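Visitor: Could you take me through one part of this model up close, the place where the two chains meet, and then show me what lies around it? I'd like one connected tour rather than a list.

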Protein chains: 2
Amino acid sequence: MTSLMNRQDLEFLLFDMLDADALCERERFAEHNRDTFLAVLDTAEKIATDKFAPHAHEADEHEPTFDGQRVNMIPQVKEAVRAFADAGFLAAGHDYEWGGMQLPVTVAQACLTLFRSANTPTSAYLFLTSANANLIRAFGSDAQKQRFLPNLLSGRWLGTMALTEPHAGSSVPDARTSATPVGDGTYRIRGNKIFISGGDHELSENIVHLVLARLPGAPAGAGGLSLFLVPKFRVNEDGTLGSRNDVALAGLIHKMGYRGTTSTMLAFGENDDCIGELVGEPNRGLNCMFHMMNEARIGVGLGAAVLGYTGYRHALEYARTRTQGRPANAKDPSSPQIPIIEHADVRRMLLKQKAYVEGGLALCMTGARLADDANTAPDAAQRQEAAMLLPLLTPIIKSWPAQFCLEANSLAIQVLGGYGYTREYPVERLYRDNRLNPLHEGTHGIQGMDLLGRKVGMDDGAAMTVLGRHIAQAVAAAGAHTDERLVSAASALQAEWNALTETTRTLLAAVRQDRTAGLANASIYLETFGRTVVAWIWLRQALAATAAHQAGRCSADFLAGKLAACRWFFDCELPQNAAQHALLRRLDDNALSMQEEWF
Amino acid sequence: MTSLMNRQDLEFLLFDMLDADALCERERFAEHNRDTFLAVLDTAEKIATDKFAPHAHEADEHEPTFDGQRVNMIPQVKEAVRAFADAGFLAAGHDYEWGGMQLPVTVAQACLTLFRSANTPTSAYLFLTSANANLIRAFGSDAQKQRFLPNLLSGRWLGTMALTEPHAGSSVPDARTSATPVGDGTYRIRGNKIFISGGDHELSENIVHLVLARLPGAPAGAGGLSLFLVPKFRVNEDGTLGSRNDVALAGLIHKMGYRGTTSTMLAFGENDDCIGELVGEPNRGLNCMFHMMNEARIGVGLGAAVLGYTGYRHALEYARTRTQGRPANAKDPSSPQIPIIEHADVRRMLLKQKAYVEGGLALCMTGARLADDANTAPDAAQRQEAAMLLPLLTPIIKSWPAQFCLEANSLAIQVLGGYGYTREYPVERLYRDNRLNPLHEGTHGIQGMDLLGRKVGMDDGAAMTVLGRHIAQAVAAAGAHTDERLVSAASALQAEWNALTETTRTLLAAVRQDRTAGLANASIYLETFGRTVVAWIWLRQALAATAAHQAGRCSADFLAGKLAACRWFFDCELPQNAAQHALLRRLDDNALSMQEEWF
């Protein structure tokens with residue numbers, strides 16, 4: 001079987017590109033060192049290999065069913081959930097006092113890539129629970145933390161995030177679910193939610209839903225939503241389980257991929273007996289959610305990158321072993337067939353995948369490192385800088401891997417040919433799984449609006465200034481290099497950054513004048529911006545690999561691979577920006593001027 | 001329910017762009033006129049709607065199973081097959097003497113789009129049978145035609161094309177299946193085939209396989225393959241069924257999509273008792289296949305275009321009725337939500353789909369018209385010109401819709417958001433179905449090699465000269481137009497064509513010098529070439545729609561839609577060629593210089 005992630009690449013990112021060693025100098029991580037990081041990666045790899053990978057195919061072929069009473073699924077999912085929880089991964093980043101490992105986000109996320117790679121849908125139950133627990137940790141009262149966190153972090157209970165409603169979809173502020181005070185400090189919840197992943201199952205003793213709902217008289221829109229803790233089984237004051245709450249599974253949703261994860265329609269309070277408790281301040285529910293969104297979106301981006309990465313690994317193994325055809329120059333039809341990796345077009349598809357998936361992974365890991373810096377950098381200015389840069393990059397981290405690592409999955413199928421289209425090989429499943437990522441946690445359209453409509457202009461473009469400084473650092477380092485290829489990449493990146501800032505100026509002026517017209521091509525801007533950012537990430541990888549090789553920490557082949565993928569990105573991907581800059585700068589009105597009756 | 005194809009668009013293509021009326025002046029089609037064409041379209045639409053569309057979802061959810069004896073599938077497939085055959089569509093293009101309708105390829109293919117749109121996998125059994133019957137008509141002996149054609153054209157028997165073998169995949173010339181003369185004029189067939197669509201089922205009394213196999217002592221490679229007729233049940237001299245032949249179903253292949261069509265592994269002659277008969281000349285089997293390949297590849301392109309088209313139609317209907325969110329300028333969160341088609345980004349995604357799917361459909365229909373001209377144009381020079389142009393365009397027709405109409409399917413999912421990912425809506429199924437099209441009948445890589453390695457340089461580039469003349473005609477017509485938009489599109493197309501001929505010159509020189517290096521980026525060349533061709537197709541559609549509107553044959557909205565999609569293509573798609581021309585002209589060696597051990 002193909003191994004999961006390339007461990008060498010993961011360790012390169014952690015230690016050579018992102019200097020995870022330096023994190024151990026921070027007080028919060030003082031008990032860690034490179035050995036503890038590697039040990040936890042080993043544990044993750046072992047559990048992922050033994051408990052997650054083996055049932056990935058079966059979970060896809062036998063999706064969960066609902067018999068009207070319970071959700072049934074293959075038993076291996078529960079075993080995997082237990083193994084993950086028992087090894088402490090649900091609490092990987094949490095405080096020692098809660099039984100956590102106090103791992104940096106960077107290292108925790110590196111571990112999680114192994115589980116995602118082995119089995120994304122089974123992992124999802126756990127990642128949702130982590131996100132849920134993080135929210136309770138950040139906004140819950142002490143009593144709520146005492147009653148909920150230990151059971152969530154041990155995996156006895158699992159959690160969900162219940163935002164979306166059938167009539168509102170992406171327009172979360174239109175949520176109608178209501179919360180009426182009972183008088184004893186709790187609330188009666190009423191409403192319907194849809195697409196709630198992990199919304200019902202028999203994997204845990206309880207399921208803790210975090211539900212956005214509206215208090216009586218709350219203002220319309222985003223500013224009138226509050227966050228509620230609504231467990232499937234009520235939780236007594238001492239943390240023990242109480243009676244069944246009025247949360248009903250209205251149905252399972254059948255999906256193209258991600259089939260192992262239940263996606264549910266939930267009915268809260270059909271019998272007017274659904275009790276929830278408020279988390280955080282009234283009408284601040286969406287703010288609580290947004291507070292966690294950066295990490296959630298790093299998670300989605302990483303998920304997309306890892307699905308692409310895993311497909312690439314399978315395609316690579318296939319291309320090395322499958323013989324077919326002969327070189328274009330060959331004359332003798334009875335000469336032996338060659339491994340398909342020797343065909344230029346197959347190599348092109350593999351190199352493109354490598355550029356996408358290693359670029360996507362490094363991008364998301366960079367986001368994780370920024371999360372660490374925002375939380376724990378010793379210097380306040382550094383914390384602030386990271387806290388500005390991460391939100392700017394978040395729409396890119398969410399969307400770029402979802403777009404291009406999905407494309408990598410498609411290329412992996414293409415490498416396998418007809419076999420890639422069959423369910424005997426995992427590449428088609430990875431492609432189906434990854435197709436979710438451009439949709440959830442904000443579509444590309446929404447990420448584009450977030451980037452152009454909010455992030456780049458915020459505080460007079462302060463975050464852009466920070467990003468420009470980071471890019472200038474990479475350009476300076478590469479420009480001063482002895483390797484000619486790095487020097488030319490440096491000047492290409494600088495030119496692209498200049499073009500992007502120019503385009504951004506034009507668009508921001510347009511947005512100020514007419515928001516609708518200015519934002520009409522926000523999705524294209526998102527793509528152009530993303531390509532520039534990933535070029536920066538690739539240049540940093542090339543620099544880090546060069547240094548690692550000079551220091552004897554990586555092989556010549558590993559370095560050559562990074563340089564080749566970096567060169568591919570600069571030669572064959574980055575030039576696609578030019579046409580998009582032209583389109584953006586002329587405020588192309590093709591979409592905007594199209595009339596409904598012309599379709 | 002969303003209707004299938006846009007009938008208005010189909011008729012526009014037939015009568016305004018491709019002048020199907022003129023075909024009726026040819027002797028072969030003398031009994032036809034616009035009314036008979038429309039009547040047969042009506043019949044197709046009715047059967048597609050009543051018999052094909054209703055079970056499309058169910059056939060996907062309940063794929064065929066093999067119990068060791070028989071293949072089981074939902075009964076509606078057989079009913080649909082019967083209805084199609086009973087209405088005479090299997091013989092749509094065949095001679096009256098064989099019970100055919102003697103329809104032009106153009107009209108027959110327009111009818112078939114309706115069945116594909118309703119249910120691609122069920123249609124596949126029928127289209128394969130048509131292809132099989134066409135081959136027997138072209139290369140079979142009179143006796144073979146008498147024994148096989150009536151039953152195939154009536155649908156009592158169905159047919160397959162059995163080329164691919166497990167060890168050879170796309171490298172068909174490496175086929176090892178053997179054919180040994182028995183002495184009575186028949187042959188004993190032995191070998192294994194894979195990915196044989198419709199290779200087994202209970203839909204018909206017999207299944208007629210056309211099998212590539214190798215005679216004793218035949219040369220290695222393509223020149224040693226012969227074509228054999230190998231029925232599941234032997235066929236007596238009088239055309240009645242004989243005993244079971246030694247063709248065994250070794251297994252069904254489970255696929256990502258296209259699930260309603262059985263894909264099979266077939267074992268011929270496991271008990272050394274598989275009897276076949278030679279079709280055509282010995283060692284000319286691949287030539288027979290290639291003879292039919294143009295039409296087969298038009299079929300694949302059309303299939304891809306129609307799947308994209310159908311997804312677009314669903315997305316459009318959804319976007320018109322689904323309300324969500326508010327204009328970017330809106331301030332009041334309690335104002336009503338708007339239909340999502342009003343969001344610029346949704347409109348962009350719909351317009352892009354329209355440009356892809358209507359462009360793809362018009363491209364393939366243009367191919368069908370060329371097939372008619374090659375077969376039946378009154379003038380020999382016109383026949384010859386068509387016979388040169390069609391093979392040149394075939395790799396584009398095969399690949400462009402498979403790439404971009406698949407992308408349209410992805411955009412359709414994106415328009416539906418989370419709902420698009422569920423199996424409650426057809427868009428995800430259409431996407432899965434369409435993912436096959438870049439793989440079968442020659443992958444993009446193979447089409448690129450065919451285009452650059454064979455077609456463009458053939459006869460000193462004679463076919464390119466013909467295409468250049470056709471493009472110049474469209475450029476001249478549009479350049480002389482009063483509509484400013486058409487004038488500027490004309491000059492953009494001319495510039496693109498000049499760029500393409502320049503790039504082609506450079507690449508052909510490189511191919512002559514070193515075939516491997518010259519062909520290394522053939523897939524990218526294919527894409528660049530395709531974009532140029534589809535720009536030409538869009539300009540022709542814009543011209544035809546303008547004329548149709550002036551003549552009162554289409555509405556102002558219809559014209560505006562065609563002009564808007566044409567403008568989108570020229571403004572937002574065609575400029576992507578520039579970066580690719582640069583890459584191609586510098587003979588980019590990124591893929592070629594990548595070493596296996598660097599991955």
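Guide: Let's settle one word before we start: a residue is called buried when its relative accessible area is under 20%. Keep in mind too that this is a predicted model.

Now to the place where the chains meet. Chain B puts 94 residues into the contact, and chain A puts in 94 residues as well. Between them, chain B and chain A bury about 8000 Å², with carbon and sulfur atoms giving 55% of that area. On the chain B side, Tyr421(B), Arg423(B) and Phe599(B) supply 11% of what that chain buries against chain A, more than any other three residues. Charged pairs cross over as well: the count between chain B and chain A is 8 salt bridges. One to pull up on your screen joins the side chains of Arg567(A) and Asp589(B), at 2.4 Å from N to O.

How are the two copies arranged? Chain B lands on chain A after a rotation of 180° with 0.0 Å of shift along the axis, and the RMSD is 0.0 Å. That makes the relation a two-fold axis. If you want a landmark for the axis, go to Gln576(B), whose C-alpha sits 3.4 Å away, the closest approach of any residue of chain B. The interface follows suit: 100% of the interface residues of chain B are also interface residues in chain A, so the copies meet through the same surface.

Next, the nonpolar interior. The largest nonpolar core has 314 residues, and Phe529(A) and Phe529(B) are the ones with the most contacts inside it. Pick the chain B copy and look around: setting aside neighbours within four places in sequence, Phe529(B) is in contact with Leu392(B), Ile396(B), Leu451(B), Val456(B), Met464(B), Leu467(B) and Leu500(B).

Leu451(B) from that group leads us straight to a helix, since Leu451(B) is one of the buried residues of H13(B). Helix H13 of chain B runs over residues 444–455 and is mostly covered, with 9 of its 12 residues buried. The buried set isn't purely nonpolar, either; among its members are His444(B), Gln447(B), Asp450(B) and Lys455(B).

Other polar residues are tucked away too. Asp373(A), in helix H9 (residues 344–376) of chain A, has a relative accessible area of 10%, which means that Asp373(A) is buried. Beyond residues up to four places away in sequence, Asp373(A) touches Arg26(A), Gln382(A), Arg383(A) and Ala386(A). Over in chain B, Asn6(B) lies in the segment before helix H1 (7–17). Asn6(B) comes in at 19% and still counts as buried, since the cut-off is under 20%. Apart from neighbours within four places in sequence, Asn6(B) is in contact with Tyr309(B) and Arg313(B).

Last stop, the cysteines. Over all chains the count comes to 0 disulfides. Take Cys566(A), buried at 4% relative accessibility: the closest cysteine sulfur, in Cys572(A), is 12 Å from its own sulfur, too far for a bond. Cys274(B) is buried as well, at 0% relative accessibility. For Cys274(B) the closest cysteine sulfur belongs to Cys288(B), and at 19 Å that is also too far for a bond.

Note on methods: Residues numbered from 1 in each chain as written. Chains lettered and ligands numbered in written order. Predicted model: local features only at pLDDT ≥ 70, side-chain atom pairs only at ≥ 80, totals over all residues. Heavy atoms only, no water. Helix = DSSP H or I, 4+ residues; strand = E, 2+ residues; numbered from the N terminus. Buried < 20%, exposed > 50% of the residue type's maximum accessible area, 1.4 Å probe, protein only. Contact = heavy atoms within 4.5 Å. Core = buried A, V, L, I, M, F, W, Y, C linked by side-chain atoms within 4.5 Å. Least-squares fit on C-alpha atoms with pLDDT ≥ 70 in both. Disulfide = S-S within 2.5 Å. Buried area = accessible area lost by both parts, 1.4 Å probe. Salt bridge = Lys/Arg side-chain N within 4 Å of Asp/Glu carboxyl O.
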